[in-house]
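Q: I have a protein model in front of me and I'd like to learn how to read it. Could we go through some of its features one at a time?

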Amino acid sequence: MSRKYKCQICKTEFEKDELLVLNGKNYCSTCYEIEKSRKELYDYICYIFNLKAPGPRNYNMIKSFKEHHPEYTYKGIQQALYYFFEVEHNSVSKANESIGIVPYVYERAQDYFRKQNNLQEKIA
């Protein structure tokens with residue numbers, strides 16, 4: 001009888017061959033992808049604002065975005081920030097180390113990335 005592992009988020013049990021580990025924690029494949037994109041978002045926030053951690057204000061904003069807009073994903077939020085700061089070249093210093101701009105640019109950013117993906121598919 002093999003040992004069962006439990007996902008840190010959804011608490012489902014799975015076998016060792018289905019085990020995905022991130023930061024020393026066990027995840028199923030679905031939760032692993034979500035957790036990985038959450039970590040990438042946090043890393044990106046730290047990168048653009050030159051921070052060690054996103055901080056309580058940004059954590060609360062992310063939580064609020066996900067509560068009020070269930071369609072928002074961690075990757076989508078990261079893409080919105082990328083679009084606003086790196087594609088549109090808006091000032092990071094005016095953002096006051098905050099991601100409050102996300103609801104205002106989320107849909108524009110998603111459209112931009114959809115168009116980029118369509119172009120890549122046409123080229124391929």
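Q: Let's begin with surface exposure. What is the relative accessible area of Arg114, and how do I read that value?

A: The idea is to sort residues by relative accessible area: buried is under 20%, exposed is over 50%, and partly exposed is in between, using a 1.4 Å probe and protein chains only. Arg114 has a value of 46%, so it goes down as partly exposed. Keep in mind that this is a predicted model, where local features need pLDDT of at least 70 and side-chain atom pairs count only at pLDDT 80 or more, while totals for chains, interfaces and linings use all residues. Residues are numbered from 1 along each chain as its sequence is written, and side-chain values use heavy atoms, leaving out hydrogens and water.

Q: Which residue does Arg114 form a salt bridge with?

A: You look for a side-chain nitrogen of Lys or Arg within 4 Å of a carboxyl oxygen of Asp or Glu. Here the partner is Asp111, and the closest N and O atoms are 2.5 Å apart. Asp111 is partly exposed too, at 35% relative accessibility.

Q: How far apart are Asp111 and Arg114 along the helix?

A: Helices (H or I, at least four residues) and strands (E, at least two) are DSSP runs, numbered from the N terminus. Both residues belong to helix H4, and because they are three residues apart there, about one helical turn separates them.

Q: How many salt bridges does the model have altogether?

A: The rule gives five. One of them joins Glu15 to Lys4, with 2.6 Å between the closest N and O atoms. That pair links distant parts of the chain: Glu15 is in the loop between strand S2 (13-14) and strand S3 (20-22), while Lys4 comes in the segment before strand S1 (5-6), eleven residues apart. Glu15 is partly exposed at 24%, and Lys4 is partly exposed at 45%.

Q: Where do I look for the partner of Glu88?

A: Go to Arg108, whose salt bridge with Glu88 has its closest N and O atoms 3.2 Å apart. Glu88 is in the loop between helix H3 (74-87) and helix H4 (102-123), and Arg108 is in helix H4, so the bridge ties together parts that are 20 residues apart in sequence. Glu88 is partly exposed at 31%, as is Arg108 at 40%.

Q: Now the rings. How many aromatic pairs are there?

A: Rings of Phe, Tyr and Trp (its six-membered ring) pair up if their centres lie within 6.5 Å; planes under 30 degrees apart are stacked, over 60 edge-to-face, and the rest tilted. This structure holds nine such pairs. Take Tyr82 and Phe113: their centres are 6.1 Å apart and their planes at 50 degrees, so we call the pair tilted. Tyr82 is in helix H3 and Phe113 in helix H4, so the rings tie together parts 31 residues apart in sequence. Tyr82 is partly exposed at 33%, whereas Phe113 is buried at 18%. Phe113 also pairs with Tyr112, edge-to-face this time, at 5.1 Å centre to centre and 85 degrees between the planes.

Q: Which residues do the ring pairs link into a cluster?

A: Tyr82, Tyr83, Tyr112 and Phe113.

Q: What sits over the ring of Tyr74?

A: A charge sits over a ring if NZ of Lys or CZ of Arg is within 6 Å of the ring centre and within 35 degrees of the ring normal. For Tyr74 that is the charged end of Lys66, 4.4 Å from the ring's centre.

Q: How many disulfides should I count?

A: A disulfide is a pair of cysteine sulfur atoms within 2.5 Å, and by this rule the count is zero. Cys7 is in none, as its nearest cysteine sulfur, in Cys31, is 3.6 Å away. For Cys31, the closest cysteine sulfur is in Cys28 at 3.5 Å, too far for a bond. Cys7 is buried at 1%, and Cys31 is buried at 8%.

Q: Last one: is Glu35 buried or exposed?

A: Buried, with a relative accessible area of 13%. You'll find Glu35 in helix H1. Contact means heavy atoms within 4.5 Å, and beyond its neighbours within four places in sequence, Glu35 is in contact with Ile9, Leu22 and Tyr27. Ile34 is found in helix H1 (residues 29-49) as well, but it is partly exposed at 42%.
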